[in-house]
Amino acid sequence: MAIALSKKIWGLGLPKRRQAEPARVFRRRRLLLPAVLGVGLVAMALLHVWLRLQVVHLGYVLSTMSKLQSQLEQENRELKVELATLTSPGRLEAMARARLGMTEPQRGQVVVLP
């Protein structure tokens, strides 16, 4: 009896508690591993969904940019045709005669410089 009291008083009964702690820690770790794996699995699933949404979004952006590029190329072709029409020599000569009253130069009006 005296020995039992001295173990309780002086803390000599601790080894029994310490023997119980590894079992509790083992149980915690046994429960922690599936929880961590579950959280990791959910995180991977959410990442996969996010990546798929990004792919769809970028597909829409790419489609819109492709349409815009086609429109700009068409507008560029139309502007080149308009530029060629407006700067054609026949049109410029007709406008010079009509608006400015210009005529063909007479003989002697043209001087060739050396």
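Q: Where does arginine 27 lie in this predicted model, and what makes it partly exposed?
A: In this predicted model, arginine 27 is placed in helix H2, which covers residues 14–86. Its relative accessibility is 46%, and since buried means under 20% and exposed means over 50%, with partly exposed in between, arginine 27 counts as partly exposed.

Q: What makes Arg24, Arg27, Arg28 and Arg30 a positive surface patch?
A: Patch members need over 30% relative accessible area and no salt bridge, and like charges are joined within 9 Å; Arg counts as positive, and Arg24, Arg27, Arg28 and Arg30 form such a patch. For arginine 27, the value to set against the area cut-off is 46%.

Q: Which residues make the nonpolar surface patch, and how is leucine 72 classed, buried or partly exposed?
A: Leu58, Val61, Met65, Leu68 and Leu72 make a nonpolar patch of about 450 Å², the joining distance for nonpolar side chains being 5 Å. Leucine 72 belongs to helix H2, and because its relative accessibility is 48%, it counts as partly exposed, a class that lies between the cut-offs of 20% and 50%.

Q: How do you know that the span of helix H3 agrees with its number of residues?
A: Helix H3 holds 12 residues, 89–100, and at 1.5 Å a residue it should span 16 Å, where the expected span is 1.5 Å times one less than the number of residues. The C-alpha atoms at its ends are 16 Å apart, and therefore the two values agree. Just after H3, glycine 101 takes a positive phi of about 70°.

Q: Why is the contact of arginine 97 with glutamate 93 called a salt bridge?
A: The closest N and O atoms of arginine 97 and glutamate 93 are 2.8 Å apart, and because a salt bridge requires such a nitrogen and a carboxyl oxygen within 4 Å, the pair qualifies. Arginine 97 and glutamate 93 are four residues apart in helix H3, which means that about one helical turn separates them. In general, an α-helix has 3.6 residues a turn, so residues three or four places apart point the same way.

Q: What joins Glu93, Arg97 and Glu104 into one network?
A: Arginine 97 also forms a salt bridge with glutamate 104, with the closest N and O atoms 2.9 Å apart. Salt bridges that share partners thus link Glu93, Arg97 and Glu104 into one network, and the search of the whole structure finds two salt bridges.

Q: What makes arginine 97 and glutamate 93 partly exposed?
A: Arginine 97 has a relative accessible area of 38% and glutamate 93 has 39%; because partly exposed lies between 20% and 50%, both residues fall in that class.

Key. Residues are numbered from 1 along each chain as its sequence is written. This is a predicted model: local features need pLDDT of at least 70, side-chain atom pairs count only at pLDDT 80 or more; totals for chains, interfaces and linings use all residues. Side-chain values use heavy atoms; hydrogens and water are left out. Accessible areas come from the Shrake-Rupley method with a 1.4 Å probe; for residues, only the protein chains shown count as cover. A salt bridge is a side-chain nitrogen of Lys or Arg within 4 Å of a carboxyl oxygen of Asp or Glu. The place of a charge is taken as NZ of Lys, CZ of Arg, CG of Asp or CD of Glu. Helices (H or I, at least four residues) and strands (E, at least two) are DSSP runs, numbered from the N terminus. Buried means under 20% relative accessible area, exposed over 50%, partly exposed in between (1.4 Å probe, protein chains only).
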